[in-house]
Amino acid sequence: MIILGIIFAIIGVVVSISALLYFGIALIILGAALELLGMTGHAVAGRRHYY
């Protein structure tokens with residue numbers, strides 16, 4: 001999810017589509033939050049690890 005967010009953010013900057021840039025940033029933040037929760041051992045959406 002983080003990698004997909006980075007790709008969307010880069011495409012948004014290159015093509016100058018602000019909605020794609022904001023969507024990419026949101027995916028990066030969401031992916032990082034899920035990664036941190038998974039690393040601390042909390043179950044995320046019924047899963048112990050989030051990949």
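At roughly what angle do the axes of helix α1 and helix α2 cross, and within what distance do they come? Here are my notes on this predicted model, starting with that.

1. **The helix pair.** The axes of α1 (residues 2-15) and α2 (residues 18-40) cross at roughly 160° and come within 7 Å. Anything over 145 degrees counts as roughly antiparallel, so that is the label for how α1 and α2 run relative to each other. As for handedness, the α1 and α2 crossing is left-handed. Those are the sort of numbers to quote here, as two packed helices are described by the angle between their axes and the distance between the axes.

2. **What sits in the contact.** From α1, the residues that meet α2 are Ile2, Leu4, Gly5, Ile6, Phe8, Ala9, Ile11, Gly12 and Val13. On the α2 side they find Leu20, Leu21, Phe23, Gly24, Leu27, Ile28, Gly31 and Ala32. Sorted by class, the contact of α1 with α2 holds 13 nonpolar residues, four polar ones and no charged ones. If you wonder where the polar count comes from, Gly is classed as polar in this scheme.

3. **Glycine 24.** This one is worth a click in the viewer. Glycine 24 belongs to helix α2, and its relative accessible area is 0%, so it is buried. Which residues does glycine 24 touch once its neighbours within four places in sequence are left aside? They are Gly5, Phe8 and Ala9, and these three also appear among the α1 residues that meet α2. By C-alpha atoms, glycine 24 is 7.2 Å from isoleucine 7, with their positions 17 residues apart along the chain.

4. **Isoleucine 3.** Buried or exposed, for a residue with a relative accessible area of 64%? Isoleucine 3 is exposed, because the bar for that is over 50%. Isoleucine 3 lies in helix α1, and its C-alpha atom is separated by 9.3 Å from that of glycine 24, 21 residues apart along the chain.

5. **Leucine 30.** Back in helix α2, leucine 30 has 43% relative accessibility, so it counts as partly exposed. Its C-alpha is 9.2 Å from that of glycine 5, and the two residues are 25 apart in sequence.

6. **The loop.** Serine 16 is in the loop between α1 and α2. Its phi is near 65°, which is a positive value in a residue other than glycine. With 62% relative accessibility, serine 16 counts as exposed.

7. **The whole chain.** The secondary structure tally is two helices and zero strands. How much of the protein counts as buried? The figure is 18% of its 51 residues, with glycine 24 being a buried residue. The accessible surface comes to about 3,800 Å², and carbon and sulfur atoms own 75% of that. Looking at contacts with a separation of 6 or more, 24% of them involve residues 24 or more positions apart.

Conventions. Residues numbered from 1 in each chain as written. Predicted model: local features only at pLDDT ≥ 70, side-chain atom pairs only at ≥ 80, totals over all residues. Heavy atoms only, no water. Axes fitted to C-alpha atoms, helices over the stretch in contact; angles between N-to-C directions. Helix = DSSP H or I, 4+ residues; strand = E, 2+ residues; numbered from the N terminus. Parallel < 35°, antiparallel > 145°, perpendicular 65-115°, else oblique. Left-handed = near helix turned anticlockwise from the far one by under 90°. Contact = heavy atoms within 4.5 Å. Buried < 20%, exposed > 50% of the residue type's maximum accessible area, 1.4 Å probe, protein only. Areas by Shrake-Rupley, 256 points an atom, 1.4 Å probe, with all protein chains shown as cover.
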